Amino acid sequence: MPIKFKSKASGDVIMLGESGKEMLRLLGKCTDDNKGIFSVDQLPAAIMTLKQAIAADKALPLPMEVPMGTKDDADDGVRLYQRALPVLELMERSLQEDTYVTWGV
């Protein structure tokens, strides 16, 4: 199920399946809710959480190369920091323009 992060300050960020749920869990939101909001007051903490998660993920060693066809389908090779950067940029722009971020399906 896709999850779309929206803001008046920037274009939408769409995340699919577990990637979207992982982002919501990371940001302290319930993954069972179909929609929600990050108020302007909540954005600084969400931004800091994303920055810390990105830094921690970048510090991890790169996974070993696995021959094609042997990878688990859930592991598409895209790391957390790569998925989190667009959401971080959306939140930073929203904070600069003093507007909220919503999410939903």
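Before the close-ups, one bit of vocabulary: an axis here is a line fitted to C-alpha atoms, for helices over the stretch in contact, and angles run from 0 to 180 degrees between N-to-C directions. This is a predicted model, where local features need pLDDT of at least 70, side-chain atom pairs count only at pLDDT 80 or more, and totals for chains, interfaces and linings use all residues. Residues are numbered from 1 along each chain as its sequence is written, and side-chain values use heavy atoms, with hydrogens and water left out.

**View 1. The whole chain has three helices and four strands.** Helices (H or I, at least four residues) and strands (E, at least two) are DSSP runs, numbered from the N terminus. Walk along the sequence and you meet them as β-β-α-β-α-α-β. Of the 105 residues, 31% count as buried; buried means under 20% relative accessible area, exposed over 50%, and partly exposed in between (1.4 Å probe, protein chains only). About 6900 Å² is exposed, and carbon and sulfur atoms supply 54% of that. Those areas come from the Shrake-Rupley method with a 1.4 Å probe, and for residues, only the protein chains shown count as cover.

**View 2. Four strands line up as an open sheet in the order S2-S1-S4-S3, with antiparallel pairing.** At the edges sit S2 and S3 (35-38), each pairing on one side only. On average, neighbouring strands are turned by 15° against each other, direction ignored. Two strands count as paired if DSSP finds at least two bridges between them.

**View 3. Zoom in on strand S1, residues 3-7.** Ile3, Phe5 and Ser7 make up its covered face, while Lys4 and Lys6 are on the uncovered one. S1 and S2 (residues 10-15) run antiparallel and are joined by four bridges, forming a hairpin with two residues between the strands. Look for Ile3 opposite Met15 in S2. S1 also pairs with S4 (residues 101-104), again antiparallel, over three bridges; there, Lys6 has Thr102 as its bridge partner.

**View 4. Two helices, H1 and H3, lie across strands of the sheet.** H1 (residues 17-26) lies across S1, S2 and S4, at about 55° to S1. H3 (residues 80-96) lies across S1, S2, S3 and S4, and runs at about 150° to S2.

**View 5. Here H1 meets H3, their axes coming within 11 Å and crossing at roughly 70°.** That makes the two helices roughly perpendicular to each other. For angles, under 35 degrees counts as roughly parallel, over 145 as roughly antiparallel, 65 to 115 as roughly perpendicular and the rest as oblique. Ser19, Glu22, Met23 and Leu26 of H1 make the contact with Leu80, Arg83, Ala84 and Val87 of H3. Contact means heavy atoms within 4.5 Å. Sorted by class, you get five nonpolar, one polar and two charged residues. Ala, Val, Leu, Ile, Met, Phe, Trp, Tyr, Cys and Pro count as nonpolar, Asp, Glu, Lys and Arg as charged, and the others, Gly among them, as polar.

**View 6. Finally, find Thr99 in the loop between H3 and S4.** Thr99 counts as buried because its relative accessibility is 9%. Leaving aside neighbours within four places in sequence, Thr99 is in contact with Ser7, Lys8, Ala9, Val40, Leu43 and Ser94.
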